[in-house]
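Colleague: Please take a close look at one part of this model, the small sheet and what surrounds it. I would like the strand pairing first, and then whatever else can be said about the local detail elsewhere.

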Amino acid sequence: MSNKLNLVLCWHMHQPYYREGLEGRYQLPWVYLHGIKDYDDMADHLENHPGMKAVVNFAPVLLEQLDDYSRQMAAFLDVGEKTSDPLLNLLGEATAIPDNVSERRELIQTCRRAHAPRMIDPYPHYHALLQQFPNTEKDAGQEMLLSYLDEQYFIDLLMWYHLAWCSHRLKQTAEIRYLIEKARRFTSEDRRILLKVMQETLANIIPRYRKLAERGQIEISMTPWGHPIIPLLNDFNNMTETQPDAPMPEHSHYPGGEERSRWHLLHGIQQFERFFGFKPQGIWLSEGGVSDDAVELLDDLDIQWTASGEAVWHHSCLTSACNPDEMACRKALFIPYRLNDKKTLLYFRDDGLSDLIGFEYSKWHADDAVADFMGHLERIAGSLGDDASKHVVSVILDGENAWEYYPNNGHHFLSALYQAISQSEVIQSTTFAKAHAGTRRGALTHLVPGSWVYGSFSTWIGSTDKNHAWDLLADAKTAFDASIGTLKKKEAEKAMRLLAICEGSDWFWWFGDYNPSDSVNDFDRLFRSQLKTLYCQLGLTPPASLDTPISSGGGHMENAGTMRRN
């Protein structure tokens, strides 16, 4: 009988809803850009290593947008119908290159939104195009140059931006190699070649992961539909146990929050089944945000497992009087737990190992990084001795945001890592659903509410800007409750989806002076726009308070603020 230590690698795939309203323009291009880069490469690695098992977690709101992009791009390629994404329309000639100086400057800034050392500097032509405008400061010379540039400059810049965002797999294809080698003076036909490759890639993402699941190589799990923080929707008081001195929103609670939580879970399952053909066995609650009441909701829906961060495990074990010796050596971290009589099992992330992949190994040679990671796992297995197979190490992190900091989109690291795990005599990869059978189980009497970030909800609530955003949302929910009964069924359903979009966690993530101003401004503007659209859908005049920015940012967070280190 094998005594290998179980390892679950769980990749969380998530982008918030970027469309303005339900049918407006996409305000940010991150869904399709991560689609052609990260979601494509992550599937490719699994396809190339059939012995490697993993969990892939999708937010349903991301699945819907991936599907929408692939359909819109197909319609553009087939009949020339414009898409809802302004950047794609520029790339595909559906929209003319602007001749307005301010719009040209904005386009250049858009096309430099990538990690330069890995995605811009390796391509001399791309780098040279952006070197013409090394900063965003307005001066007379820059203004004149912007007005004199011909369209070809912007065509080449658009092409290079999208080529840089192509996955490692795509960069090995004949079409993308040809475009990279051509390098300049791209034609209409070149633009169409790139768009066709992008569309086919996006259209195949969901079917590829479904196929991986059907052959038993991966488990696909989900988050609630719009990626809300379920414990905070349920009860603002879920923040107080780990943030006792933090200010709370002026509203004492989010109106009808538990009903909204259930809606996100049920609608998420419905959409998940539409794309994958089966009900998920596990749910990674948005941001690993858990609480007693959140687990009760999962248990009511017969969900087998959920997971959170190491700090939540530590806090909960202390209150539940877990074995202090096993806590001290972290042996107790590597087992699933039951909360009282609930059937839903709780797994907890190894923060250190997860952060090594998310933040550190991008700076290492791939072979050294893999040797280090496997060394950590082997030492854990050695410390567990004959009980290694009864334990599971959970490594959980974003499946999209780390790789632009690695050479070649993490290709060498992930290839070597999957190979090493597949061939290991000490470690075996598995999924949470499959790990249930043979592992020890612990018991908790209380789950201290918190998330995978610091074991609290401080990233989303408890500061001036974040609390103000919650109050604006609670005001909108109050207006929603008062008006929804006056709407016809179809209009009410639209209002329900708009509300769900406004309840997403990402708005609150970005508010705060520690985040980069550009990202804060983007999400601030879109959040307020979505709230205004919701009011209009309800037949109400949006309050004047939504005309004032919530947060301005100004900090310089690691990895552009898209991930947090524990």
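Modeller: Strand S5 (residues 337-339) and S6 run antiparallel and are paired over two bridges; the model is a predicted one. Across this pairing, tyrosine 337 is opposite leucine 346 in S6. The two strands make a hairpin with five residues between them. In its turn, asparagine 340 has a positive phi of about 50 degrees.

S6 covers residues 345-348, and its side chains alternate: Leu345 and Tyr347 point one way, Leu346 and Phe348 the other way. All four of these residues are buried. S6 also pairs with strand S4 (residues 305-308), here in the parallel sense and over four bridges. In that pairing, tryptophan 305 is opposite leucine 345.

S5 has a further partner in S9, with which it pairs in the parallel sense over three bridges. Leucine 339 faces leucine 444 of S9 there. Put together, the four strands form an open sheet in the order S4-S6-S5-S9, with mixed pairing. S4 and strand S9 (442-444) are the edge strands, each pairing on one side only. From one strand to the next the twist averages 35 degrees.

Tyrosine 337 deserves a separate note. Leaving out residues up to four places away in sequence, tyrosine 337 touches Leu345, Leu346 and Phe348, and also Gly442, Ala443 and Leu444. Its other contacts on the same count are Trp313, Cys317, Cys322, Ala332 and Thr344. Tyr337 is also among the residues with the most contacts inside the largest nonpolar core, which has 189 residues. The others named with it are Leu9, Trp11, Tyr209, Ile357 and Phe413. In soluble globular proteins, nonpolar side chains tend to be buried together.

Away from the sheet, helix H6 (residues 124-131) has the buried residues Tyr126, Leu129 and Leu130. These residues lie on the same side of H6, because they cover an arc of only 90 degrees around the axis. An α-helix has 3.6 residues a turn, so residues three or four places apart point the same way. The cover over the buried residues of H6 includes helix H4 (101-110), helix H5 (116-119) and helix H8 (151-164).

The loops hold a few residues to check. Serine 84 is in the loop between helix H2 (60-79) and helix H3 (86-91). With a relative accessible area of 15%, serine 84 counts as buried, because the cut-off is under 20%. Its side chain makes a polar contact of 2.8 Å with the side chain of arginine 19. Apart from residues up to four places away in sequence, serine 84 touches Arg19, Gly24, Arg25, Tyr26 and Gln72.

Two other loop residues have positive phi without being glycine. Glutamate 93, in the loop between H3 and H4, has a phi near 70 degrees. Glutamate 93 is partly exposed, at a relative accessible area of 43%. Arginine 185 has a phi near 50 degrees and lies in the loop between helix H9 (174-182) and helix H10 (188-214). Arginine 185 counts as exposed, with 53% relative accessibility.

How values were computed
Residues numbered from 1 in each chain as written. Predicted model: local features only at pLDDT ≥ 70, side-chain atom pairs only at ≥ 80, totals over all residues. Heavy atoms only, no water. Buried < 20%, exposed > 50% of the residue type's maximum accessible area, 1.4 Å probe, protein only. Arc of directions from axis to C-beta. Contact = heavy atoms within 4.5 Å. Core = buried A, V, L, I, M, F, W, Y, C linked by side-chain atoms within 4.5 Å. Polar contact = N/O pair within 3.5 Å; in protein donor to acceptor, adjacent residues only side chain to side chain. Pairing = 2+ DSSP bridges. Axes fitted to C-alpha atoms, helices over the stretch in contact; angles between N-to-C directions.
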